[in-house]
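Please look over the following protein model. A brisk report on its helices, charges and surface comes after it.

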Amino acid sequence: MSLARSSAVIAVGTLASRASGLLRTIVLVAAIGAIGQASDAFATANQLPNALLMVISTGLLTGVIVPHVVAVSAQPDGGRAVLPKLLTMGVVLLLAITVVATLLAPALVVLFAAKFSPEQQALATAFAYWCLPQLFFYGMFALMGETLNARGIFAPYAWAPIVNNVVSIAGFAVVIAIFGADRTDLDQWGPAGIAALAGTATLGIIAQTLLLLAFWRRTGVPLRFDFQWRGMGLRGLGLRAGWTFATMLIGLSAGIVQQQQISEVSGDDASVFVWQNAWLVYMLPYSLIVLSIGTPYFTRISEHATAERHEELRADVDRAIRVLGLFIVVAAAAVIAAAAPAARIFTNNTADALASAPVLIAFLFALTPMAVLFVVQRTFYAYGDTRTPFWFTLVQGSLVVVLTFVAVALASDATLTAAVAAGQTIAGIAQLALASWLLRRRIGPFGLGRALGALGRFAVAALPAGAAGYGVYLLSGGANGWMLADKLFGALGTLVIGLVAVLVYVAVLAVLRVPELRLGIGLLRSRFGR
């Protein structure tokens, strides 16, 4: 399969996965609501395997086993002698970690949701016993998927999450049919409902992992246990992954502090589940724009770094920031203007949508800074430098913790979760400023002034664009209008606001004769033309 075709398969699979994931969340919200003690209990339990996976993925899979999978796959035998050993090691370690984590479910719930009432912690723990086995299947999915990728088999890994979403959507629909919808109160959940909801979430992860097994024969690697682990050369890889692992721990620790504090307002105000859904909406433009456009630039930057073509590298860093900024600034403006209708998609009533919208807005102001940080951080990685990102992430994590407690001291219950999200955005901007300064010291001037000038022009165009979109929302009736009437109208309203904002944005850029506009149009033509 050619590189272009492989990239297209991955891109389309990612888009389909994100779209079906949004639908999965919509059905889940219909089942458990967006704001409520039961909603936040399930959200806390279901995030535990993902949080633990961050530790395993960075410290074990991404840092140690996966790089070795790629390396041994290039050997004359295609890695057939070593890969069964690596897979066996992965199975054993993942199974052991999953068993321990499941036994520690009550302690993990307290760690992430210290401010829950005892009754709410008990429900979250009951959900967690069903959700934590996802950890094993998440890990195996990553390990098997990376092995398939290393053999040039890209489609299954990219498309398998859709199976998870389909299974989950069907299962959550059954839960609604049997037990009812919008069950936000603790006393509405008994053992059967808990098993049905959390079991469905876990079944989806199992399904996507089993799908990869159907394609395993194409790897040519025997699927058998091999416990002869000596001499596989993993120690050096583990040492090199140490800084990345430490960087991840900072983010996880700061996230735990945030979750602990916002858990106090669970019940009547936006809390854990609203936070997760707002983050899901935030990640949609980030994934579609930053990852799809920025990743090819990262590949070129890495090639330049390896070949010591420093001038070309600096030029690509500048160009990547400007191109990403062209698209991401208007995305942020459009979704901020459509925050209430967008939030309505993931809530069951207008009041919850209006309570959720400020959390989404607080995240969206970080969209542009995080797009720039993507380029800056990966430039350090291109030079093999994982230590410097640790230090500027340490600063960011420390600020997140400080600003979280500032939010607790100053914000009301109704605004606490949005204030904590705003603190994260402020900390991210500070992280970007420090990272950019450190990168300039490392590689010399890379056109940051020019890039900031371009971002300023984009912001000038985005202001009337966002205002026009918000004007459409107000003309529709605002909080009392059709856009917040139900989920479907919320999605339609978000689309209308987004289209208006983009049209105004492009028109203003054209009037200002912004040079990046032609570059962006050319990029879109080349992508869609192929």
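The text below goes from the overall fold to single residues.

## Basis and overall picture

This is a predicted model: local features need pLDDT of at least 70, side-chain atom pairs count only at pLDDT 80 or more, and totals for chains, interfaces and linings use all residues. Residues are numbered from 1 along each chain as its sequence is written, and side-chain values use heavy atoms, with hydrogens and water left out.

The protein has 20 helices and 0 strands. Helices (H or I, at least four residues) and strands (E, at least two) are DSSP runs, numbered from the N terminus. Of the 530 residues, 53% are buried. Buried means under 20% relative accessible area, exposed over 50%, and partly exposed in between (1.4 Å probe, protein chains only).

Contacts are heavy atoms within 4.5 Å. Among contacts with a separation of 6 or more, 83% join residues 24 or more positions apart. The accessible surface is about 22600 Å², and carbon and sulfur atoms hold 68% of that. Such areas come from the Shrake-Rupley method with a 1.4 Å probe; for residues, only the protein chains shown count as cover.

## A network of charges

A salt bridge is a side-chain nitrogen of Lys or Arg within 4 Å of a carboxyl oxygen of Asp or Glu. The whole structure holds 8 salt bridges. Three of them are listed here.

| Pair | Closest N to O |
|---|---|
| D318 and R322 | 3.2 Å |
| R450 and D318 | 3.2 Å |
| E516 and R322 | 3.1 Å |

E516 lies in helix α20 and R322 in helix α12, so their pair ties together parts that are 194 residues apart in sequence. Both E516 and R322 are buried. Salt bridges with shared partners join D318, R322, R450, R457 and E516 into one network.

D318 and R322 sit in helix α12 (residues 310-337), 4 residues apart, about one turn of the helix. An α-helix has 3.6 residues a turn, so residues three or four places apart point the same way. Is R322 buried or exposed? R322 counts as buried because its relative accessible area is 7%. D318 is buried too, at 6% relative accessibility. The bridge from D318 to R450 links distant parts of the chain: D318 is in helix α12, R450 in helix α18, and 132 residues separate them.

## Helix α18

Helix α18 covers residues 448-475. Its 28 residues reach 40 Å from first C-alpha to last, close to the 40 Å expected at 1.5 Å a residue. The expected span is 1.5 Å times one less than the number of residues.

Where does α18 bend? The helix bends by about 25° at A462, and a proline, P464, follows within four residues. The bend is the angle between axes fitted to the seven residues ending at a residue and the seven starting there.

Many side chains of α18 are covered. Its buried residues are A451, A454, L455, F458, A461, A462, A465, G466, G469 and Y473. Just after the helix, G477 takes a positive phi of about 115°.

## Positive phi outside glycine

Most residues other than glycine have a negative phi. D182 departs from this, with a positive phi of about 55°. D182 is in the loop between α7 (155-179) and α8 (191-214). Because its relative accessibility is 35%, D182 counts as partly exposed.

R513 also has a positive phi, near 55°. R513 lies in the loop between α19 (487-512) and α20 (515-529). At 74% relative accessibility, R513 counts as exposed.

## A buried histidine and a nonpolar patch

H304 is in helix α11 (residues 272-306). H304 is buried, with a relative accessible area of 11%. Leaving out residues up to four places away in sequence, H304 touches R309, E312, L313 and D316.

At the surface, L95, V99, V100, L103 and L104 make a nonpolar patch of about 470 Å². Patches take residues with over 30% relative accessible area and no salt bridge; like charges are joined within 9 Å, and nonpolar side chains (Val, Leu, Ile, Met, Phe, Trp, Tyr) within 5 Å. L103 belongs to helix α3 (residues 83-103). L103 counts as exposed because its relative accessible area is 65%.
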